[in-house]
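Thanks for asking me to take a look at this one. Here are my notes, written for someone meeting the structure for the first time.

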Amino acid sequence: MDSLSCAASDLLPLLGNSPNATAAADFICNRFTEVSTKLSHATYAIDNTYLLFSAYLVFAMQLGFAMLCAGSVRAKNTMNIMLTNVLDAAAGGISYYLFGFAFAFGAPSNGFIGRHFFGLKEFPSPSFDYSFFLYQWAFAIAAAGITSGSIAERTQFVAYLIYSSFLTGFVYPVVSHWFWSGDGWASAAKSDNNLLFGSGVIDFAGSGVVHMVGGIAGLWGALIEGPRIGRFDKSGRSVALRGHSASLVVLGSFLLWFGWYGFNPGSFLTILKSYGTKGDYYGQWSAVGRTAVTTTLAGSTAALTTLFGKRLLVGHWNVTDVCNGLLGGFAAITSGCSVVEPWAAIICGFIAAWILIGFNMLAEKLKYDDPLEAAQLHGGCGAWGVLFTGLFAKKAYVNEVFPNRPGRPYGLFMGGGGKLLGAQIIQILVIIGWVSATMAPLFYALHKLNLLRISSEDEMAGMDFTRHGGFAYIYHDEDENSNLPQFKMTRIEPTNTLTPDRESNTVV
């Protein structure tokens, strides 16, 4: 907030030449300065409270991921997948504190990687407060959570520890530095205004930075591990290994929907800012609300499109497919949520649904196994979202979100030329290249060291039984042929049933 200034010399002509004029002017200016300071403090407090609340919403998405993952796997692996979600948050918290935040936002730095604030040294600073660190940490562990879904039901626990720390401490922070830091080589908010193609990459909340990074990492993990036992039969036909709880899938999807209102609108970082273009009623608070609306419309459209699309393709209504379609729409709109009109968000969600359906069909043909469709959903729909921004970003909204550079390129279909779209395409290519160059060798090394995949015996029995001391539920998998004890919940009837004798009115 710009401070209000007051000089006693400016007030003296108004107060006349009385003996107390100078003292009165000093008194008024001191009071004026105190009020200005209080307003400044209030602005910081309001903006930091808004950012903290958004961070809490994004962190709540971890619960959504946990429920979604648990419902999407078989019951015998429930404890394992829940534990990995806890691990993503805990291991990611330490690695992001020690290294990740510094690599991402440690300014001043070069265009490739940050180099200050390791272990939050010299924190807070004029640029960042603790609330900003917490918010960015919540994003980092979201990327790791995406990856864990791709390699569920067959991965050793130590592999989760290694890849989660590496992803949140190095791979993801470097990408976020490129596109979100003021020093990043492709950032739309680059401090020296030397922007890629004159625009920089607009990835407002991370269709590429978060979702593509997590999805591409998961893709390599699942490819190197191979499909789960029984996912494809001897003739190569796909066999559905359905998750054990549609209820948990729906619960997780709604929790993720709720958290996305911190993920996308929260990425403004502040809310108390006037644009001064449409009157006092219009400001950054309006843009925050618009972003929440575009997020809602994209997800809703994708869910409905998936519902009717799958009905046409397979002949029935499937709630799990609808939930994945919903999340695909959210992943796609995340890049351009702040710079597009609500009607454009509907187009975004509609196409995202068909991209997800198409990638899932391709995955089956290629015998690729991803229990949560994470690579297809977050990688495929995230890439579409990056392209969508280059096509539909509106000039007025781009200038509001990224001010101080008149003539900045905007969406191709909105009359802004192809420069922004070119920058968006480069983002997709460099993310695929960077994540592949870092995560693929890591997963391959873990594979060669026999640290990646569990044994076939453990996989058939379920990791809850073999690795975590017991099952999450008393359950029975009808499609399982395991020799280990199975459990089934049954109704217990009383052994001695008392029935009334109607003739004698007695109980026998």
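The points below go from the whole chain to a few local details.

1. First, keep in mind that this is a predicted model. Mean pLDDT for the chain comes out at 88, with 89% of the residues at 70 or more. If you want to know where the confidence peaks, go to helix α13, which has the highest mean pLDDT of the chain's elements at 97. At the other end is strand β2 (residues 506-507), with the lowest mean, 45.

2. Please be careful with two stretches. Over residues 487-500 pLDDT stays under 50, and the model gives that stretch 16 contacts beyond four places in sequence. Residues 502-508 also stay under 50, with 10 such contacts.

3. As for the overall make-up, the chain has 15 helices and two strands. Of its 508 residues, 53% are buried. Take the contacts between residues at least 6 apart in sequence: 71% of them join residues at least 24 apart.

4. How do α6 and α13 meet? The axes of α6 (residues 207-225) and α13 (residues 419-448) come within 8 Å and cross at roughly 35°. The crossing is right-handed. On the α6 side, the contact includes Gly208, Met212, Ile216, Trp220 and Ile224. Among the α13 residues taking part are Ile428, Ile432, Val435, Met439, Phe443 and His447. Sorted by class, this contact has 15 nonpolar residues, five polar ones and no charged ones. As a reminder when you look at the spacing along each helix, an α-helix has 3.6 residues a turn, so residues three or four places apart point the same way.

5. Does the length of α8 agree with its residue count, or disagree? Helix α8 covers residues 284-314, which is 31 residues, and at 1.5 Å a residue it should span 45 Å. Its end C-alpha atoms are 45 Å apart, so the two figures agree. Right after α8 comes Gly315, which has a positive phi, near 90°.

6. One last residue to click on is Ala60, in helix α2 (residues 21-72). Is Ala60 buried or partly exposed? Its relative accessibility is 25%, so Ala60 counts as partly exposed; the cut-off for buried is under 20%. Ala60 also has a partner far along the chain: Leu255 is 195 residues away in sequence, yet the C-alpha atoms of the pair are 7.2 Å apart in space.

Terms used
Residues numbered from 1 in each chain as written. Predicted model: local features only at pLDDT ≥ 70, side-chain atom pairs only at ≥ 80, totals over all residues. Heavy atoms only, no water. Helix = DSSP H or I, 4+ residues; strand = E, 2+ residues; numbered from the N terminus. Expected span 1.5 Å × (residues − 1). Axes fitted to C-alpha atoms, helices over the stretch in contact; angles between N-to-C directions. Left-handed = near helix turned anticlockwise from the far one by under 90°. Contact = heavy atoms within 4.5 Å. Nonpolar A, V, L, I, M, F, W, Y, C, P; charged D, E, K, R; others polar. pLDDT = per-residue confidence, 0-100. Buried < 20%, exposed > 50% of the residue type's maximum accessible area, 1.4 Å probe, protein only.
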